[in-house]
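Here are some short exercises to work through with the coordinates open. Try each task before you read its solution.

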Amino acid sequence: MPKLNRQQRKLAKRILKSNHKNKLTYTISVAPSGFVKLGTAYYLDNVMIKMKYHKCKPVLGNVKSVYLNKGVHNTNPITGEKIPDLNDIVLSYHANVRKDERVIDDMELFFTIVCGLWTNQSCAKKVRRKYHLEDKEVVVEWSKTGVEVISVWSIAPVYNPNFISRIPELSNELISSGAHGFSATIMCKDILTRLMAVDPVFNQQFMWLQSAYQQLDSGQKFAEDVMESITQVALNIQSFIRTKCLSYWYRNDHGLISDFPLSSSENYTLHIEILSKSKVLTDRQKQIFKTWGLKSRKAWDQGSFNAPDMGIGGGVDNVKDGYHRIILAFDMTEFCANPHRYARDLKKCKLGAA
């Protein structure tokens, strides 16, 4: 067995001492009798190490090999041909649910299969591979007739346990980095959609206000009486959402305003707003979010605009001239997962159509 070189030993040490490494059990071989010989590996940040024995201690002396992803191009393990196109990959119902839960888009999933390090997960009856790329894991079942994604994970570490209770610490770090105001709110992911579906008046007002905000953001000027109407509608909606819809609300200038228990049967969205003289996050602020397990590239409905002096729901009020409100919205299952109940309509779909 060849010895590890200096770089491999350095990579192996980094993985072994990390609290965020992912332990993997993989298939080494399958005997004609069906007996599966297993191995153990550890994965972290596009590097994988395989151990000499299945249940050996995770120490450097037991590392057999080190694999660094320098641009892998995977193939079909049965035929040796290239990975099928995006729209030819079937996504199981479970995988589709997990993909949406973890805010993993179709291209991320596809590139994980094409370019990720992989471990063999086969048994006597099925050919399976688990692909690993960055913080994503994708289990794929291969056959002569096609390919199906069985499950999907995001293995991004939750850097701070009890995330919600520590939001004031996040606020302090961002204020110290140069932010001039901070607000964090948590609400049910689809609460506005529900309100718009059952309340036609709310639906009409919200759609009108949303259109007005978009026009203001693009530089549109309105007459004084129209601006007064925009302000009044916005304040009415803001007041309603603040009192009826927020499960949690913290502001750096007011402290903790709302803190209600979260339901295990709901998906939640975390909105973070900061005031800044820049329209974008600074490098320091991006690093703070990353350290807390909040990846800004994964934030959806991400925007930055100098809004009028009101906010929808929670948020930072009184945006002064020369400042911008930077808004980030995160699906909380990305970093602060809670148990869910799922429908039993187990349907498959094509990856590109998910």
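The exercises below move from one helix to the cores of the chain.

This is a predicted model, in which local features need pLDDT of at least 70, side-chain atom pairs count only at pLDDT 80 or more, and totals for chains, interfaces and linings use all residues. Residues are numbered from 1 along each chain as its sequence is written, and side-chain values use heavy atoms, leaving out hydrogens and water.

**Exercise 1.** Work out what helix 6 (residues 200-217) should span, and compare its ends.

Solution. Start with the definition: helices are DSSP runs of H or I, at least four residues, numbered from the N terminus. The expected span is 1.5 Å times one less than the number of residues. For the 18 residues of helix 6 that gives 26 Å, and the end C-alpha atoms are 26 Å apart, so the two agree.

**Exercise 2.** Find which residues of helix 6 are buried.

Solution. Take buried as under 20% relative accessible area and exposed as over 50% (1.4 Å probe, protein chains only). Phe202, Phe206, Leu209, Ala212 and Tyr213 are the buried ones. Seen down the helix axis, they fall within an arc of 130° (using directions from the axis to the C-beta atoms), so they line one face of helix 6. On the other side, Pro200, Gln204 and Gln214 are exposed.

**Exercise 3.** Identify the residues that touch the most other members of the largest nonpolar core.

Solution. A nonpolar core joins buried Ala, Val, Leu, Ile, Met, Phe, Trp, Tyr and Cys residues through side-chain atoms within 4.5 Å. In the largest, of 41 residues, the answer is Phe182, Leu270, Ile272 and Leu294. A second, separate core has 17 residues, including Leu91 and Val114.

Technical notes. Helix = DSSP H or I, 4+ residues; strand = E, 2+ residues; numbered from the N terminus.
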